[in-house]
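The following exercises are to be worked with the sequence and the coordinates at hand. Each task is followed by a solution in steps.

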Amino acid sequence: MNATRVVIADDQVLVRTGFRMILMSEGIDVVGEAANGDEALRVVRETRPDVVLMDIRMPGMDGLEATRLILSESAGAAAGSGSGSAEPAPEPPRIIILTTFDLDQYVYAAITAGASGFLLKDVSPEHLVAAVGMVRAGDAMLAPAITRRLVERFAVPTVNPRTEALHKDLATLTPREREVLGLLGRGLSNAELAARFHLSEATVKTHVARILAKLNLRDRAQAVVVAYETGLITPGVA
């Protein structure tokens, strides 16, 4: 795998400088910086990073809105590429939300905006580097059980164009895949799913990968949110 390319978006120069030094000392390429959400959009368009470290609270456009726009633009580019474009669309960047506030509503807002992870700014250098590597590899940084706690607190099944589309997409899942998605929403790990279904972990990983592909989801954290928002599972019901 090539060196990971990172953009750092934070309105504090010292935060950006410190994170840049930590990442570059580990061979991670910091290709751009931004002091607000508008700058983050521009820098991401210009540099096409693998990972974005995105502060929540910035002047002007905040990090959550910038996250939504970056990922929606990536989705639009992918759709255009799939309709006759000669060049394949680049992979959308993975976004890690940064904040000084350890509050559930920020974590949940980050997940629903499409972020793959959430870090406090006082994160250790080792954890920061590990987090960037984890999301670059396609994993969510939040354990499904933590995501479940957040979703049960904040998510309400809704009917809107997004959830209507997801309801239709659920019909493309096999009965086993729907069952797996429901248990993902309950926070079960691959090992727990394997034990439940008497399958190998490799087979479980295949089921999870197919679910993510069919529902156009980036990671397991989003799968948990979808399971609740579509009403596949209900908060508080075992």
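**Exercise 1. The sheet**

Task: Determine in what order the strands of the open sheet are arranged, and which strands stand at the edges.

Solution. Step 1: in this predicted model, 5 strands form an open sheet in the order β2-β1-β3-β4-β5, and the pairing is parallel. Step 2: β2 (29-34) and β5 (117-120) each have a single partner strand, so one side of each is left without a neighbour in the sheet; these two strands stand at the edges. Step 3: from one strand to the next, the twist averages 20°. Step 4: as a detail of the pairing, strand β3 (residues 51-55) and strand β4 (residues 94-99) run parallel and are joined by 5 bridges. Met 54 stands opposite Ile 97 in β4.

**Exercise 2. Helices on the sheet**

Task: State which strands are touched by helix α1 and which by helix α2, and give the direction of each helix relative to β2.

Solution. Step 1: helix α1 (residues 13-25) packs on the sheet and touches β1 (5-9), β2, β3 and β4. The direction of α1 makes about 170° with that of β2. Step 2: helix α2 (residues 37-47) also packs on the sheet, where it touches β1, β2 and β3. For α2, the angle with the direction of β2 is about 145°.

**Exercise 3. A buried arginine**

Task: Decide whether Arg 94 is buried or exposed, and list its contacts beyond its neighbours within four places in sequence.

Solution. Step 1: Arg 94 is located in strand β4. Step 2: the relative accessible area of Arg 94 is 17%. The cut-off for a buried residue is under 20%, so Arg 94 is buried. Step 3: with neighbours within four places in sequence left aside, Arg 94 contacts Asp 50, Val 51, Val 52, Ser 116, Val 135, Gly 138, Arg 218 and Asp 219.

**Exercise 4. The contact of α8 with α10**

Task: Characterise the geometry of the pair α8 and α10 and the composition of the contact.

Solution. Step 1: two packed helices are described by the angle between their axes and the distance between the axes. Step 2: the axes of helix α8 (residues 175-185) and helix α10 (residues 201-214) come within 10 Å and cross at roughly 90°. Angles of 65 to 115 degrees count as roughly perpendicular, and α8 and α10 are therefore roughly perpendicular to each other. Step 3: α8 contributes Arg 176, Glu 177, Val 180, Leu 181 and Leu 184, which meet His 207, Val 208, Arg 210, Ile 211 and Lys 214 in α10. These residues divide into 5 nonpolar, 1 polar and 4 charged. Step 4: Leu 184 of α8 is buried, with a relative accessible area of 1%. The C-alpha atom of Leu 184 is separated by 8.1 Å from that of Ala 227, although the two residues are 43 residues apart along the chain.

**Exercise 5. The buried side of α9**

Task: Identify the buried residues of α9 and explain why they lie on the same side of the helix.

Solution. Step 1: in helix α9 (residues 190-197), the buried residues are Asn 190, Leu 193, Ala 194 and Phe 197. Step 2: these residues cover an arc of only 100° around the axis, which puts them on the same side of α9. Step 3: an α-helix has 3.6 residues a turn, so residues three or four places apart point the same way. Step 4: the buried residues of α9 pack against α8, α10 and α11 (220-229). Step 5: after α9 comes His 198, whose phi is positive, near 55°.

Definitions and conventions. Residues numbered from 1 in each chain as written. Predicted model: local features only at pLDDT ≥ 70, side-chain atom pairs only at ≥ 80, totals over all residues. Heavy atoms only, no water. Axes fitted to C-alpha atoms, helices over the stretch in contact; angles between N-to-C directions. Helix = DSSP H or I, 4+ residues; strand = E, 2+ residues; numbered from the N terminus. Parallel < 35°, antiparallel > 145°, perpendicular 65-115°, else oblique. Contact = heavy atoms within 4.5 Å. Nonpolar A, V, L, I, M, F, W, Y, C, P; charged D, E, K, R; others polar. Pairing = 2+ DSSP bridges. Buried < 20%, exposed > 50% of the residue type's maximum accessible area, 1.4 Å probe, protein only. Arc of directions from axis to C-beta.
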